[in-house]
Each structure stands twice: as structure tokens, then as C-alpha cells.
Amino acid sequence: MENILTATNLQAAYGQSTILWGVDFQVKKGSATTIMGRNGVGKSTLLKTIMGLVNVKAGSLKLYDEEISKLPPYKKAWKGMGYIPQGREIIPKLTVFENLKLGMEAVTDKKAKFPEEEIYDLFPILKDFKKRLGGNLSGGQQQQLAIGRILVSNPKLILLDEPTEGIQPSIAQDIAQVLKRLVKEKGISILLVEQKIDFAKQVTDYYYFMDRGKMVMEGSKETMDHSTVSKYLSV
Ligand SMILES: Nc1ncnc2c1ncn2[C@@H]1O[C@H](COP(=O)(O)OP(=O)(O)OP(=O)(O)O)[C@@H](O)[C@H]1O
Ligand SMILES: [Mg+2]
């Protein structure tokens with residue numbers, strides 16, 4: 001299968017402080033890839049750099065065969081890249097429906113219709129809570145809303161940063177099922193940042209371990225187990 005995303009020696013910094021020291025990894029089209037690693041190693045910075053929210057200092061980033069390292073975020077969105085930040089960033093004072101509708105802002109095709117029912121099919125709770133304010137949802141429901149809002153723009157590649165952080169296990173279970181469906185039924189590619197191995201293992205096909213701004217290990221999900229992972233998570 002071809003790569004939808006390929007990073008080669010990707011480097012990024014905040015001012016003088018380099019965070020990504022040369023990251024190499026790939027996402028196969030129609031698969032889910034997970035990046036794991038301890039707090040502060042640069043996982044979120046990597047997703048922001050991929051999306052164009054942090055500048056690439058050196059190296060290459062390709063969407064299929066196209067070099068995209070210098071493109072601004074909105075152009076990446078046009079090309080089918082959707083980013084869901086850590087902490088989700090839904091709008092608390094807007095209703096669930098209004099938050100979802102915001103996803104249409106990223107859609108350039110004026111004839112495209114708002115796929116409201118498709119989102120409710122994936123996340124029935126959002127239909128029940130359609131008129132509720134986003135800020136009144138639980139953390140897990142907000143995460144579902146954030147994923148729903150990105151799906152409105154029909155992305156081909158989703159960058160998803162720690163969706164299970166601080167949410168209850170039953171909702172994490174629902175989210176895992178939805179992510180699997182997105183890959184299987186819709187052929188969407190997913191780049192997931194996740195620290196919970198049980199969740200990652202359910203969703204992902206391939207994984208990378210990041211440490212201090214570099215990939216230090218990789219493998220297929222069969223090789224992902226607690227002892228291997230804890231070796232890199234500790235120390
Ligand atoms: N806007 C910023 N300006 C300067 N430094 C930053 C900025 N954002 C993050 N950093 C630093 O970059 C490093 C990597 O942070 P990043 O958020 O990418 O880590 P992470 O792996 O996502 O961590 P976590 O698991 O806690 O989410 C940290 O040392 C952090 O303090
Ligand atoms: Mg992070």
C-alpha cells in the first residue's frame with residue numbers, strides 16, 4: 001500500500017529550542033498509525049508541525065508524492081488533512097449542532113451538503129444532545145464532538161492527539177470502535193498520538209515510539225505489548 005504521509009528527517013523548533021530532531025515515519029493509505037512516547041517528548045509538536053501550525057525547520061513532509069512542508073494549515077485542510085488537537089477545543093458556548101456545523105467552514109465545495117445524519121450514525125449521543133451547549137458535555141462527549149466536527153469536512157487523513165486523555169473507559173471504547181469503522185468502511189487514514197496501549201492496540205496497524213524528538217522504535221501491532229512499551233515509557 002502506498003504512503004499517504006511520509007516524513008523524512010523532519011525538524012522543528014520553538015524559537016531557539018529544537019523539539020523535533022529529525023523524525024522519520026510513514027502512514028500507509030487506509031491504515032491507522034500510532035505514535036507513543038512519554039510526556040514532553042514532542043508528540044503534539046509533531047502533529048502541529050505536520051498540520052503547519054509549527055514551522056518545519058528542515059527535512060521533508062509529503063502527502064502522497066507532494067512536498068507539503070511549507071503549506072499553511074488551511075491549504076492542508078483543503079487537501080483533506082484534518083487535525084483534532086489535544087484537549088479537543090470545541091466551542092463551549094455553541095450547541096452541539098452549531099459546533100458540528102462549524103466543520104463546514106473547512107469545506108470549499110459550496111455544493112457539499114452538511115452530513116449531519118452520518119455523524120449521528122457514528123456518534124448517536126450527539127443526536128440526543130444536539131441542542132446542548134458544547135461546554136456542558138462530558139470530556140468524552142466533547143471528544144466525540146471534536147471528531148464529528150472534523151468528519152464533516154470529509155478528511156482523507158486525520159491527525160488525532162490523545163483522544164482518551166481524561167475520559168471514561170466506556171466512551172474510549174466507543175471512540176475506538178468509530179476509529180476502526182472510519183478506517184475499514186471509509187478508507188480514512190489515521191495518525192493517532194496515544195499513551196494508552198490497550199486503546200492504541202485496538203485501533204492501530206503500526207506504531208512508532210518517540211523519545212526526545214526522534215523515533216526510537218517501530219513495529220506492527222502484533223509486536224506492541226506492555227513489556228516492550230513500558231521499557232520506553234519508563235526512564
Ligand atoms: N508553544 C511552545 N513554545 C515553546 N515550547 C513548547 C511549546 N509547546 C510545547 N513546548 C515544549 O516542547 C516540548 C514537547 O512538547 P509536546 O507538547 O510536543 O510534548 P508531548 O509529547 O505532546 O507531551 P504530552 O504527552 O504531555 O502531551 C516540551 O518540552 C514543551 O514544553
Ligand atoms: Mg501532547
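Helix α6 has a long list of buried residues: G140, Q141, Q142, Q143, Q144, L145, A146, I147, G148, R149, I150 and L151. "Buried" here means that 20 or more other C-beta atoms lie within 10 Å of a residue's own, while 12 or fewer makes a residue exposed and anything in between partly exposed, with C-beta atoms placed from the backbone. The model is a predicted one, so local features need pLDDT of at least 70 and side-chain atom pairs count only at pLDDT 80 or more, whereas totals for chains, interfaces and linings use all residues. Residues are numbered from 1 along each chain as its sequence is written, and chains are lettered from A and ligands numbered from 1 in the order in which they are written.

Back to α6, which covers residues 139–151. Helices (H or I, at least four residues) and strands (E, at least two) are DSSP runs, numbered from the N terminus. With 12 of 13 residues buried, α6 is mostly covered. Those buried residues pack against β6 (81–84), α3 (96–102), α4 (116–122), α5 (124–128), β7 (157–161) and α7 (169–186); contact means C-beta atoms, placed from the backbone, within 7 Å. The helix also has the length it should: at 1.5 Å a residue its 13 residues should span 18 Å, and the end C-alpha atoms are 19 Å apart, which agrees. That expected span is 1.5 Å times one less than the number of residues.

Next comes ligand 1. Around it sit Y14, S17, I19, G37, N39, G40, V41, G42, K43, S44, T45 and Q86, where a residue counts as near if its C-beta atom, placed from the backbone, lies within 6 Å. By class, this shell has three nonpolar, eight polar and one charged residues. In that scheme Ala, Val, Leu, Ile, Met, Phe, Trp, Tyr, Cys and Pro are nonpolar, Asp, Glu, Lys and Arg are charged, and the others, Gly among them, are polar. Both β2 (17–28) and α1 (43–51) supply at least two shell residues, and the largest share, three residues, comes from α1.

Helix α1 is itself largely enclosed by the rest of the structure, because seven of its nine residues are buried. These are K43, T45, L46, L47, K48, T49 and I50. Just after the helix comes G52, with a positive phi near 95 degrees.

An open four-stranded sheet runs in the order β2-β1-β4-β5, with antiparallel pairing; strands pair if DSSP finds at least two bridges between them. Its edge strands are β2 and β5 (66–67), each pairing on one side only. Six bridges hold β1 (residues 3–14) to β4 (residues 56–63) in antiparallel fashion, and A12 has V56 as its bridge partner in β4. Helix α1 packs on this sheet, touching β1, β2 and β4, and its direction makes about 70 degrees with that of β2. Such angles run from 0 to 180 degrees between N-to-C directions, with axes fitted to C-alpha atoms, for helices over the stretch in contact.

Over in β2 sits Q26, which counts as partly exposed because it has 17 C-beta neighbours inside 10 Å. Leaving out residues up to four places away in sequence, Q26 touches N3, L5 and T6.

Elsewhere, β9 (residues 206–211) runs parallel to β3 (residues 32–36), joined by four bridges, with I35 opposite Y208. Six bridges join β9 to β10 (residues 214–220), this time antiparallel. Two residues separate β9 and β10 in a hairpin, and R212 in the turn has a positive phi of about 45 degrees.

Technical notes: Contact = placed C-beta atoms within 7 Å.
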